[in-house]
Amino acid sequence: MNGIVVGVDGSPGSQAALAWAAREAKVHGKPLTLICTWQLPVGSYGWPTLLPELLDDFKAVAADQLAKACDAVGPALDGLEVTRTVREGSAANVLIEASEGADLLVVGTRGHGGFVGMLLGSVSAACAHHSRCPLVIVPPERT
């Protein structure tokens with residue numbers, strides 16, 4: 001997979017990452033792969049066998065999140081080759097796997113929050129340590 005891979009979860013940080021990645025893809029003429037992940041919450045072991053429609057609900061929520069993120073950046077995606085991907089798994093693992101063969105991985109960060117020193121989210125920190133291509137971590141835009 002050549003091109004730019006960006007993690008999208010609907011947060012302000014991922015919105016900023018998506019907008020930045022779209023601009024970068026246009027400048028370099030690269031395709032853009034948008035990835036939104038989902039996974040069952042902790043403690044839900046066994047639920048999928050009892051409620052198979054639960055899996056479809058989680059997939060649908062992730063797909064909706066991805067669609068809203070694309071709508072939010074609007075014309076920034078115009079003229080780009082864009083692939084939207086919804087995958088089950090932890091965001092960090094899925095993005096690190098997707099970074100194999102990519103030209104660039106772009107993720108957001110959660111911002112400062114209430115804990116001094118926790119400037120990166122766990123996904124961006126994991127990607128910083130394990131990405132298989134160059135990585136850009138984009139902070140949320142200041143309001």
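## Exercises on rings, sheet, core and charges

F58 has a relative accessible area of 23% and counts as partly exposed, a class lying between buried, under 20%, and exposed, over 50%, with a 1.4 Å probe and protein chains only. The model is predicted, so local features need pLDDT of at least 70 and side-chain atom pairs count only at pLDDT 80 or more, while totals for chains, interfaces and linings use all residues. Residues are numbered from 1 along each chain as its sequence is written, and side-chain values use heavy atoms, with hydrogens and water left out.

**Exercise 1.** Find the aromatic pair of the structure and state how its rings are arranged.

*Solution.* A search of the whole structure finds one aromatic pair, where rings of Phe, Tyr and Trp (its six-membered ring) pair if their centres lie within 6.5 Å, and planes under 30 degrees apart count as stacked, over 60 as edge-to-face and the rest as tilted. The ring centres of W38 and F58 are 6.0 Å apart and the planes make 15 degrees, so this pair is stacked. Next, place the partners: W38 belongs to strand β2 (residues 32–38) and F58 to helix α3 (residues 53–73), so that the pair links distant parts of the chain, 20 residues apart. Helices (H or I, at least four residues) and strands (E, at least two) are DSSP runs, numbered from the N terminus. Finally, W38 is buried, at a relative accessible area of 6%.

**Exercise 2.** Work out the strand order of the sheet and say which strands stand at its edges.

*Solution.* The open sheet has five strands in the order β3-β2-β1-β4-β5, with parallel pairing; two strands pair if DSSP finds at least two bridges between them. β3 (82–88) and β5 (135–138) are the edge strands, each with a single partner strand, so one side of each has no neighbour in the sheet. As a detail of the order, β2 and β3 pair in the parallel sense over seven bridges, and I35 stands opposite T85 in β3.

**Exercise 3.** Describe the largest nonpolar core and the element that supplies its largest share.

*Solution.* A nonpolar core is a set of buried Ala, Val, Leu, Ile, Met, Phe, Trp, Tyr and Cys residues joined through side-chain atoms within 4.5 Å. The largest one holds 24 residues, of which I4, V6, L18, L32, L34, L77 and V106 touch the most other members. The largest share, seven residues, comes from α1. To look closer, take L34: apart from neighbours within four places in sequence, its contacts (heavy atoms within 4.5 Å) include V6, L18, L66 and T85. A second, separate core has 13 residues, including I35, V94, A98 and C133.

**Exercise 4.** Count the salt bridges and trace one that joins two loops.

*Solution.* The count comes to four, a salt bridge being a side-chain nitrogen of Lys or Arg within 4 Å of a carboxyl oxygen of Asp or Glu. One of them joins D103 and K30, with the closest N and O atoms 3.2 Å apart. D103 lies in the loop between α4 and β4, and K30 in the loop between α1 and β2, so the bridge ties together parts 73 residues apart in sequence. For contrast, consider D64 and K68, which also form a salt bridge: both lie in helix α3, four residues apart, about one turn of the helix. D64 is partly exposed at 37% relative accessible area, whereas K68 is exposed at 52%.
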